[in-house]
Amino acid sequence: MTDRRQIREATRIVILCVFWYLISSSNNVIGKWVLNEFPYPMTLTMVQLLSISLYSGPLLKCWNIRPGLQSSFSKDYYWKLIIPLAFGKFLSSVFSHISIWKVPVSFAHTGTKTMIVFSNVKASMPLFTVVLSRVLMGEKQTLPVYLSLIPIIMGVAIATVTEISFDVIGMWSALVATCGFSLQNIFSKKVLHDTGVHHLRLLHMLGQLALLMFTPVWAIFDLWKIIQHTNIEPDTNMFMIFTYLFLDGLLNWLQNVVAFSLLHLVTPLTYAVANASKRIAVISFSLFMLRNPVTSTNVAGMALAIFGVLYYNKAKYDANLQKKKFTVLPLVDHSNGGVVGHKFALNRFQHI
């Protein structure tokens, strides 16, 4: 029965990852096109946060997801975790869009030239996650798990680098965004574990709070420029821009729904590894859709990253198997009421 449940759980995770990769690939291509024609990254963030706030409510009602323990958040917990999470969500999104806007990305098609963003920075999310989880939460991993992160990070970095296009603002924006997303994943998982709130209701709540915080910032930096049509070419098709903004917001909302569903099922580190692997799917999608040339470097990097993901999955499986072997069991010794048997099992566990 346990094996069947694990198989169903693994199948569900794989299906979620496939949907996540497909939606994210489409979302990134559309987002890059919008920023090329409509260079207002904060407006793109505004549309995405607005989409989360607007679409999540009807979804919760349709699926009959009740408020649950969300309404019982203490004031102290709310200000210490929920508010910072919402702030981190919009801040990470802004810096991520700035990094995409400032530096051409691997899936951007500028004329006939393919260039890179600092995808190798974003591919380092598993490294950020494992370090931050160790420092903030005291979580430890086995040595094979740590080693498996090396080919993943190196592989994605190699696969995305076809030529160097350096921009200081873009690089630092990508670093801040990656660190922010890692922290967001860790503490979102903590909130889900501590409170039992439904993951989609947490997404809705964070989206609403982030939108509330971000609206004044957007009004200061982008609203007046858009009204005056600053940085917008005279021949720009505004109908197409609004259409793509709508699609970008919808796809980003779907991406968040799938991402939070996945985070609910796995650890932050596994989520970070899946997120790094997603970059391979994004690159492959762009090569197919935009007819960008494939180099031996691209192929070698993808192969190395895929090997790293497989190695990580094997390392985590072995680690989980090892834990099960030393689970404390209620050993019964009828000669003394089971006390000695239980202590033996407990001592065996403590020495591991």
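This report walks through a predicted model of a protein chain, from its overall make-up to a few chosen residues.

## The chain as a whole

Let us begin with the broad picture. The protein chain has 12 helices and 2 strands. Along the sequence these elements follow the pattern α-α-α-β-β-α-α-α-α-α-α-α-α-α, so you will meet helices on both sides of the strands as you read. Of the 352 residues in the protein chain, 47% are buried. Contacts that reach across the sequence are worth a look too: among those between residues at least 6 apart, 84% join residues at least 24 apart.

## How helices pack

Two packed helices are described by the angle between their axes and the distance between the axes. Helix α8 is a good place to start, with residues 199-227. Helix α8 packs with helix α9, and helix α2 packs with α8 as well. The table sets out both packings.

| Helices | Angle between axes | Distance between axes |
|---|---|---|
| α8 (residues 199-227) and α9 | about 130 degrees | 9 Å |
| α2 (residues 41-62) and α8 | about 150 degrees | 7 Å |

How should the angle of about 150 degrees between α2 and α8 be described? Angles over 145 degrees count as roughly antiparallel, so α2 and α8 are roughly antiparallel to each other. The crossing of α2 and α8 is left-handed. By class, their contact holds 17 nonpolar, 9 polar and 2 charged residues.

The packing of α8 with α9 has its own character. With an angle of about 130 degrees, α8 and α9 are oblique to each other. Their crossing is right-handed. On the α8 side, the residues that take part are His199, Leu200, Leu202, Leu203 and Leu206; on the α9 side they meet Asn256, Val257, Phe260, Ser261 and His264. Sorted by class, this contact has 6 nonpolar and 4 polar residues, and no charged ones.

## A glycine in helix α9

Staying with helix α9, look for glycine 249, which is part of this helix. Is glycine 249 buried or exposed? Glycine 249 is buried, with a relative accessible area of 0%. Setting aside neighbours within four places in sequence, glycine 249 is in contact with Val47, Gln48 and Ser51. The C-alpha atoms of glycine 249 and serine 51 are separated by 5.4 Å, although these two residues are 198 residues apart along the chain.

## Aromatic rings

Next come the aromatic side chains. A pair of aromatic rings is described by the distance of the centres and the angle of the planes. A search of the whole structure finds 6 aromatic pairs. One of them joins tryptophan 20 and tyrosine 21: the ring centres are 6.1 Å apart and the planes are at 35 degrees, so the pair is tilted. Both residues are buried, tryptophan 20 with a relative accessible area of 1% and tyrosine 21 with 18%.

Another tilted pair is formed by tryptophan 33 and tyrosine 244, at 4.5 Å centre to centre and 45 degrees between the planes. This pair links distant parts of the chain. Tryptophan 33 lies in helix α1 (residues 2-37), while tyrosine 244 lies in helix α9 (residues 238-265), 211 residues apart. Tryptophan 33 is partly exposed, with a relative accessible area of 33%, and tyrosine 244 is partly exposed too, at 25%.

Trp20 and Tyr21 appear once more in a group of three: together with Tyr271 they form one aromatic cluster.

## Two exposed residues

Two residues remain on this tour. Where is asparagine 64 placed? Asparagine 64 sits in the loop between α2 and α3 (75-102). Most residues other than glycine have a negative phi. For asparagine 64, however, phi is near 55 degrees, a positive value. Asparagine 64 is exposed, with a relative accessible area of 57%.

The other residue is tryptophan 172, found in helix α7 (residues 168-195). Exposed means a relative accessible area over 50%, and tryptophan 172 meets this with 51%. From tryptophan 172 to serine 99 the distance is 7.9 Å, C-alpha to C-alpha, and the two residues are 73 residues apart in sequence.

Definitions and conventions. Residues are numbered from 1 along each chain as its sequence is written. This is a predicted model: local features need pLDDT of at least 70, side-chain atom pairs count only at pLDDT 80 or more; totals for chains, interfaces and linings use all residues. Side-chain values use heavy atoms; hydrogens and water are left out. Rings of Phe, Tyr and Trp (its six-membered ring) pair if their centres lie within 6.5 Å; planes under 30 degrees apart count as stacked, over 60 as edge-to-face and the rest as tilted. Buried means under 20% relative accessible area, exposed over 50%, partly exposed in between (1.4 Å probe, protein chains only). Helices (H or I, at least four residues) and strands (E, at least two) are DSSP runs, numbered from the N terminus. Axes are lines fitted to C-alpha atoms, for helices over the stretch in contact, and angles run from 0 to 180 degrees between N-to-C directions. Angles under 35 degrees count as roughly parallel, over 145 as roughly antiparallel, 65 to 115 as roughly perpendicular and the rest as oblique. A crossing is left-handed if the near helix is turned anticlockwise from the far one by less than a right angle, and right-handed if clockwise. Contact means heavy atoms within 4.5 Å. Ala, Val, Leu, Ile, Met, Phe, Trp, Tyr, Cys and Pro count as nonpolar, Asp, Glu, Lys and Arg as charged, and the others, Gly among them, as polar.
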